[in-house]
Amino acid sequence: MVHRFGLVIALVCGWLLPAPIHAQTDAQPAPQAEHVPVPRTVIALVEGGSDFRLRDTRSHVMATMPLEQLGLVVEYYRADRPLPDLTGRPDVRGVFTWLAATSRPGAERLLTWYERAVDLGKKLVVFGELGVSADPETGPLPRRRINRLMEHLGVHMGEGYASYTAGTAYRVRDRNIWGFEHTPPLPPPFSEYTIVDPRVTSHLTLESTGPEPVHGDLIVTGPNGGFVAPFFAAEMDPPSNIRRWLIDPFAFFRLAFATDDLPKPDTTTLAGRRIYYSHVDGDGWRSISEVKIDDEPASAARVLLERVVERFPDLPVTIAPIAAELDPDWVDDAEARRVARAFFEQPHVEAGSHTYSHPFRWAFFEHYDRAVEQEIVRRNGTDHDIHAGYARLADEQDAAGVDETKLDIGKYSLPRAFFAEPFDLQLEIDGSLDRIAEVGGQSVKVVQWSGDTSPFEAALAATREAGVPNINGGDTRFDSDYRSYGFVAPIGIPVGAERQIYASMSNENTYTDLWTGRFFAYRHVLQTIRNTGLPIRVKPINLYYHSYAAEKLASTNALLQVHESMRGREIAPVTTSHFARIAGGFYTTRLIPLGPRRWRVEERGALQTLRFDRATRTAVDFAASSGVLGARPAHGSLYVALDPEVAAPVVALTDRGHPLDPDPAPHPYLFDSRWPAYALTADADAATVSARGFGALSMTWIVPRTGTWRVRISQDGDTVWSETVEIDGDRRLSIAPGDAAEATAEARIRIERIGD
């Protein structure tokens, strides 16, 4: 996320973290031999250096999202620091490396670590350089030793090099792998690589012309991993905002890490439908809007409430004010507090926090110095700043003699929006939760990061200790201006021992040139929604914007357009805190194999969907499963809905006779539902489930037999709707009671067969 209070820092603020650069939400004991989970962890080696930022590495920016889409959890390590001992790590599926340097200090150490990893049976996937050709202090490493490692991947590295590739002939060109988002008009220069293992597949082979032809098997996969030669995986040019894949990362990683047998914990889908959630950051809460109410000027927050939020009671939204703007000791604005209370009186509005003082650059506050902050304000602040709620700073002694090197806060002019009091992390998190709850009358469920959305470890720990999830950052776009999966962010990022959850899509600020023009442009989020849903579903739907999006008539109309487009879609609307907990569950889920095509699912948190890919002829074996609500095939995958009331469900698979046949089942099962469902009980001729959600209830069941079925919906013990339907050969029973069932209140749905 980026903000209009200062210029943008793009993909900013990774941290110099100790290895591993990985978050463990809960420490788990070493698994017993009979309960070894399916290995989901990929060890990713990233370049280090003094300017290291994990958020900027190619592995995080480009590769992590497709790896997560395949059900894999990425654990990052810096190649210039101690590397993990993989002995006793059955959770590790393999190693992924995308390094730039061909040589480095400690090359011998790194090569030895690679050798140990493959000796332990871990798959090795290499993009570009291994980074072990030489050590600046000791010289080149033995080429035969490096080749021994490469030959483990099935290729031998020769001496040839094709620097001039005009007229180079393609001998093998796998269109399923190569040329995914872009094909270079002229192949990049390449070194000589030759397949030496018949089990290995070459997806791109080039043969250079000239007096000394060079043969290159440049993209290969095999039983031990995969290899992509330098410059053949993707193109990245940050100054030009270019990111694009040359290979299909989903297809390549699927083969290299052999993920077909891996159930994929899925954060995009709930009860068979694509997840929808929306959240608003409180920036611009008190700004006066161009849109008038009753022909009178009104704040952006009030316009947002009365023109947008109240108009869509079927779409949940999380509203996160800045707590300082609701604190009369910081900003004395009774109208701002009144509007906040009005927001939180809406049954479809969840309370969030956009922090207390709205830090712009979070790294500044990791080692906070009040004197430095005072000096920055003295140099960069304006009279407007001082009179907008910061007056106390003027009463403090002017800073003097501060370290000039500490005054650099990047492209932001001020460290935070409100600085009347010294920064206090407890106030920033716990204090904001308390203040907003006091004003709004409901507990706050999520923290939405401000500014550069790059919180340091202690800030993330504070949200966890406060018992609320966190979100923001990522800025996913996939549209006519950002034409690549390379701009689709991962689910989250580790920060020390904590984890930040990214928003699933970008906010209006990136569409409006930092809120300087094109105020209509947020409507283009619909392109990202489409492109991240088809041909594969990689993200849920997320409408994410700021209060100031209601400052302009054009931007307000854009909000109305994108909200209106959600009506009529098959979605599963949830709150932002609910989605953040689902996202957290992706990282903790353990899949315990119980036999062929059968798994127990443990420690999944709020995540309730497993996905099986390449599954057009795959079905759930309901007789051998437990804790499964239902299943739905889509996009060539099978989405399996788990029952939230069952702590450790078991999912078993069987074969489907025809891709369009419903899953065989001894009892009714859920095909899809707008409301999240739970607590299923079922037998051959009846099923009962509870559900609660937003908007009008709609759901579809697959029943085991044709005939006459009765549906009854009750709330608070009273029947609110019933219907008798005849089920024909497709065995689908659709339920759409309109407004008969009250939204946000628990409903009990019972279907039962009453005759042939």
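**A tour of the predicted model**

Seven bridges join strand E37, residues 707-715, to strand E40, residues 747-755, and the two run antiparallel. This is a predicted model, and the pair makes a convenient first selection. Within it, pick Thr 708: its bridge partner in E40 is Gly 755.

Now widen the selection to the whole sheet. E37 and E40 belong to an open sheet of five strands, ordered E34-E35-E40-E37-E38, with antiparallel pairing. Select strand E34 (677-683) and strand E38 (718-727) to see the edges; each has a single partner strand, so one side of each is left without a neighbour in the sheet. From one strand to the next, the twist averages 15°.

Next, go to a second open sheet. Four strands make it up, in the order E26-E27-E32-E29, and the pairing is again antiparallel. Its edge strands are E26 (590-595) and E29 (618-620), each of which pairs on one side only. Here the twist averages 30° from one strand to the next. Select E29 together with strand E32 (residues 650-655): three bridges join these antiparallel strands. One residue to click on is Ala 619, whose bridge partner in E32 is Thr 654.

For parallel pairing, select strand E3 (residues 92-99) and strand E4, which pair in that sense over six bridges. Trp 98 stands opposite Phe 127 in E4. Strand E4 covers residues 123-128 and is mostly covered itself, with six of its six residues buried.

Then select helix H6, residues 334-344. Which of its residues are buried? They are Ala 336, Arg 337, Val 339, Ala 340, Ala 342, Phe 343 and Phe 344. To see what covers the buried residues of H6, add helix H5 (300-308), strand E18 (317-320), strand E19 (349-353) and helix H10 (425-440), which are among the covering elements. At the start of H6, look at Asp 333: one of its side-chain oxygens reaches to within 3.1 Å of the backbone nitrogen of Glu 335.

The last stop is the set of cavities. How many cavities of 30 Å³ or more does a search of the whole structure find? The search finds five, and the largest has a volume of about 120 Å³. To find the largest cavity, select Glu 68, Gln 69, Thr 267, Ile 491 and Val 538, the closest to its centre of the 14 residues that line it. Finally, select helix H1 (residues 58-69), which supplies the largest share of that lining, three residues.

Key:
Residues numbered from 1 in each chain as written. Predicted model: local features only at pLDDT ≥ 70, side-chain atom pairs only at ≥ 80, totals over all residues. Heavy atoms only, no water. Pairing = 2+ DSSP bridges. Axes fitted to C-alpha atoms, helices over the stretch in contact; angles between N-to-C directions. Buried < 20%, exposed > 50% of the residue type's maximum accessible area, 1.4 Å probe, protein only. Contact = heavy atoms within 4.5 Å. Polar contact = N/O pair within 3.5 Å; in protein donor to acceptor, adjacent residues only side chain to side chain. 1 Å grid on protein atoms, 1.4 Å probe; cavity = no way out; pocket = protein on both sides within 12 Å on 5 of 7 lines; lining within 4 Å. Points joined across faces, edges and corners; volume = space filled by probe spheres on them.
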